[in-house]
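Hi,

Here is the structure I said I would pass on. Have a look at it first, and my notes follow underneath.

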Amino acid sequence: MIIEQLTQIKQLGLTMKMDSKTRIEINNHSITIHESDKSTTIQGLQLIPNQIQYTHQSATLQLQIKMNELQEAGQTPQPEPNVTTLQCHQCCNLLTDELKFDKRLSLPTDYWFEMSECWACHKEDYSNLPGQMGGMILPQLNVLLVGVSYYLLHPLNMDTNRVRLHYTGRESTFKSNRWVQIQCNRCLYPIGDAFMDPNSPINNTGNNDHHHLVLDIKNVTIFKMFKYGVDVFGKENGVLIRNPYKSFSYYFIQDLIESIKAHANYRFLLADEMNGTPMMMLWVLNWNSHLGVLKEMDIEKDNDKKNYTVQFTQGVKLLYCLAVDKIELVPVWQMDRRVEQLQYTNDCLVELMLSFQKRTQQMALQQQTLNGFQVVFYEL
């Protein structure tokens, strides 16, 4: 059984298996499903039972019931960890010595500068505001800036002997060519980006295999460390403790929501940053979807009668596919300005696809595909 709260149209969606003996009772506050061997009641709802739409195919029933009130979706806030040391997630190479930050500040959305006209009282040139450069917040020494999927560090807070720059020559395709990939110096795993001083030249060192740049701390203005590329250690009672790690797919969804809020674009074309090859196509159906989980209540001890409440989890519902499966759509999406084009490493895209496929397989078979795309619900 799948329960979903459709927030935009204020409806409860219910998908379930049924046979000829199944009966369903719906009132203002509950749904009771009578089957041949058991009875299930879902309580605590706010429904309008005379406003129902349904479809019935291959022993699967789909109901959409109008709701009086939406139920609040639970989303456990994730506190930011205390950052004392960073190490490479791939090979555990220590990237910093013990850090002692005077401050830890949360960054605004990445799109704050382009959206400044929406909230600014006066029409001024905000590109000259102190502490930033063209909308990029500049980290200060011993101040940790925390974004949705990354940390910003001052160059003097990094040990540059443990990292290196990797310049592909394609940086300007999707972003400023001043952002250059940072790799772990031991395993060459991508762990972030570095913003080069605008006055510094970007030249190839002549190594055609790797296109190395000599890492000069004088030419790096910002170190941007991806949360999914590093392991974070904090200190408690004088002991270093590794903070819980979250994968690329988790932070990708967070960044996706920020992009949708800023640009109202719901289609995304994801490419391999090394060669620009389109890899995945995404179409967001609902970035504020609520999926329900049944919680059993200890009201009746009868094994044939179960009472539940429903707890909703906030997430994103989207369509996805490999670009090769919709190859005829790729050039159309590439030319469409309403499609956001993003680039990531191949490893990140593979991990994202596997994460989506795992969640898709947990859905009812009839809900796994739509218009040739696969469907996924990704919880926040």
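Cys-92 is partly exposed, because its relative accessible area of 46% falls between the 20% and 50% cut-offs. You'll find Cys-92 in the loop that runs between strand E8 (85-88) and strand E9 (103-106). Its backbone caught my eye too: phi of Cys-92 is near 65°, a positive value in a residue other than glycine. Bear in mind throughout that this is a predicted model.

Asn-371 is another non-glycine residue with a positive phi, about 55°. Look for Asn-371 in the loop between strand E25 (369-370) and strand E26 (373-379). Is Asn-371 buried or exposed? At 64% relative accessibility, Asn-371 counts as exposed, since the cut-off is over 50%.

A positive phi of about 55° also turns up at Ala-264, just after helix H3. That helix deserves a few words of its own. H3 covers residues 248-263, which makes 16 residues. From its first C-alpha to its last, H3 reaches 22 Å, close to the 22 Å expected at 1.5 Å a residue. The buried residues of H3 include Phe-248, Tyr-250, Tyr-251, Phe-252, Ile-253, Leu-256, Ile-257 and Ile-260. There are polar side chains on that list as well, among them Ser-249, Gln-254 and Ser-259. What do the buried residues of H3 pack against? Their partners are strands E21 (267-272), E22 (278-297), E23 (305-322) and E24 (339-344), together with helix H5 (346-360) and strand E26.

Now for the charged pairs. In general, side chains of opposite charge can pair when their charged atoms come close. The count of salt bridges in this model comes to ten, and here are some of them.

Arg-162 and Asp-97 meet through their side chains in a salt bridge, at 3.1 Å from N to O. Arg-162 sits in the loop between strand E13 (150-153) and strand E14 (163-166), while Asp-97 is in the loop between E8 and E9, so this pair ties together parts that are 65 residues apart in sequence. So Asp-97 is in the loop that also holds Cys-92. Asp-97 counts as partly exposed, at 46% relative accessibility.

Arg-162 has a salt bridge with Asp-159 as well, this one at 2.8 Å from N to O. Asp-159 is buried, because its relative accessible area of 17% is under 20%.

Further along, Arg-359 forms a salt bridge with Glu-379, with the closest N and O atoms 3.2 Å apart. This pair links distant parts of the chain, 20 residues apart: Arg-359 belongs to helix H5 and Glu-379 to strand E26. Arg-359 is buried at 18% relative accessible area, whereas Glu-379 is partly exposed at 32%. Going back to the earlier residues, salt bridges that share partners join Asp-97, Asp-159 and Arg-162 into one network.

One last spot to look at is Thr-22, in the loop between strand E2 (11-17) and strand E3 (23-26). Thr-22 counts as buried, because its 10% relative accessibility is under the 20% cut-off. Which residues does Thr-22 touch, leaving aside those up to four places away in sequence? They are Met-16, Ile-33, His-34 and Glu-35. The side chain of Thr-22 also makes a polar contact of 3.0 Å with the side chain of Asp-19. Asp-37 is 15 residues from Thr-22 along the chain, and their C-alpha atoms are separated by 9.9 Å.

Cheers

Technical notes:
Residues numbered from 1 in each chain as written. Predicted model: local features only at pLDDT ≥ 70, side-chain atom pairs only at ≥ 80, totals over all residues. Heavy atoms only, no water. Helix = DSSP H or I, 4+ residues; strand = E, 2+ residues; numbered from the N terminus. Buried < 20%, exposed > 50% of the residue type's maximum accessible area, 1.4 Å probe, protein only. Contact = heavy atoms within 4.5 Å. Polar contact = N/O pair within 3.5 Å; in protein donor to acceptor, adjacent residues only side chain to side chain. Expected span 1.5 Å × (residues − 1). Salt bridge = Lys/Arg side-chain N within 4 Å of Asp/Glu carboxyl O.
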